[in-house]
Amino acid sequence: MINVHVSTRHLADHPASKKGQFAFAYQITITNHSDVKVQLINRYWLITDGAGKRSEVEGAGVIGKQPCLAPGEEFQYTSGAILDTPVGTMEGFYEMLPDEGQMIRVPIEVFRLAVPNSIN
């Protein structure tokens, strides 16, 4: 089993803020709880802002890497998203290749991007 943990934060000092947009950082921790080595091959994100505008991001690896995780290992990275609204969501999946076997899809549950105190 592959576990994905997400934490987010608003970047109030980001240059996008001067343009009326909202920048967010998200930190991902991927932990390999299986008994085989896996490699992160591809990613897919669906980003939805508070007005319902959707954008998709997909491609090879994350932050220019396609990390391999042995059983019990974790990989952590930080990336970001810019929205036109103070609140939005992200969700998606990673495609990971076990040492022996077929590609597996690891879902990333919906998580919120929100400026502090913008929602109750």
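Here is a walk through the fold, from the whole chain down to a few single residues.

What you have on screen is a predicted model. Start with the inventory: the protein chain contains eight strands and zero helices. Reading from the N terminus, the elements simply go β-β-β-β-β-β-β-β. If you put a box around the C-alpha atoms along the principal axes, you get roughly 50 × 25 × 20 Å. The protein chain has 120 residues, and 36% of them are buried. As for the surface, about 7100 Å² is exposed, with carbon and sulfur atoms supplying 47% of that area.

Two more chain-wide numbers are handy before zooming in. Take the contacts in the protein chain with a separation of 6 or more: 64% of them link residues 24 or more positions apart. On the charge side, there are 10 positive and 13 negative side chains, and the centres of these two sets sit 10 Å apart.

Now to the pairing. Which strands make up the open sheet of three? Its order is β1-β2-β6, and the pairing is antiparallel. At the edges you find β1, covering 2–10, and β6, covering 74–83, each of which pairs on one side only. From one strand to the next, the twist averages 20°. The β1 contact with β2 (residues 22–32) is antiparallel and runs over nine bridges. To pick out one pair by eye, look for T8, which stands opposite Y26 in β2.

The loop between β1 and β2 is where D13 lies. Is D13 buried or exposed? With a relative accessible area of 74%, D13 is exposed, because anything over 50% counts that way. For a sense of distance, try D13 against Y77: they are 64 residues apart along the chain, and their C-alpha atoms are separated by 20 Å.

Staying with β2, have a look at T31, which has its place in that strand. T31 has a relative accessible area of 11%, so it is buried. What surrounds T31, once its neighbours within four places in sequence are left aside? The contacts are M1, I2, N3, E73 and E74. T31 also makes a nice ruler: E56 is 25 residues from T31 in sequence, and the C-alpha to C-alpha distance is 24 Å.

Next comes β3, which spans residues 38–49 and has antiparallel links to several strands. How many of the residues in β3 are buried? The count is nine of 12, so the strand is mostly covered. With β7 (residues 87–98), β3 pairs in the antiparallel sense over 11 bridges, and I47 has M90 as its bridge partner in β7. With β4, the antiparallel pairing rests on seven bridges, and here Y44 has E58 as its partner. With β5, two bridges do the joining, again antiparallel, and V38 stands opposite L69 in β5.

T48 belongs to β3 as well. Its relative accessible area is 15%, so T48 is buried. Not counting residues up to four places away in sequence, T48 touches K53, R54, G88 and T89. Of those contacts, R54 falls within β4, which is 54–60, while G88 falls within β7, residues 87–98.

Finally, a couple of backbone details. The hairpin of β3 and β4 leaves four residues between the strands, and in it G52 takes a positive phi near 90°. A positive phi also turns up at I63, this time near 40° and in a residue other than glycine. Why give that a second glance? Most residues other than glycine have a negative phi. I63 is found in the loop between β4 (54–60) and β5 (68–69). I63 counts as partly exposed because its relative accessibility is 45%, which falls in between the cut-offs of 20% and 50%.

Methods
Residues are numbered from 1 along each chain as its sequence is written. This is a predicted model: local features need pLDDT of at least 70, side-chain atom pairs count only at pLDDT 80 or more; totals for chains, interfaces and linings use all residues. Side-chain values use heavy atoms; hydrogens and water are left out. Two strands pair if DSSP finds at least two bridges between them. Axes are lines fitted to C-alpha atoms, for helices over the stretch in contact, and angles run from 0 to 180 degrees between N-to-C directions. Buried means under 20% relative accessible area, exposed over 50%, partly exposed in between (1.4 Å probe, protein chains only). Contact means heavy atoms within 4.5 Å. Accessible areas come from the Shrake-Rupley method with a 1.4 Å probe; for residues, only the protein chains shown count as cover. Lys and Arg count as positive and Asp and Glu as negative; His and the chain ends are not counted. The place of a charge is taken as NZ of Lys, CZ of Arg, CG of Asp or CD of Glu.
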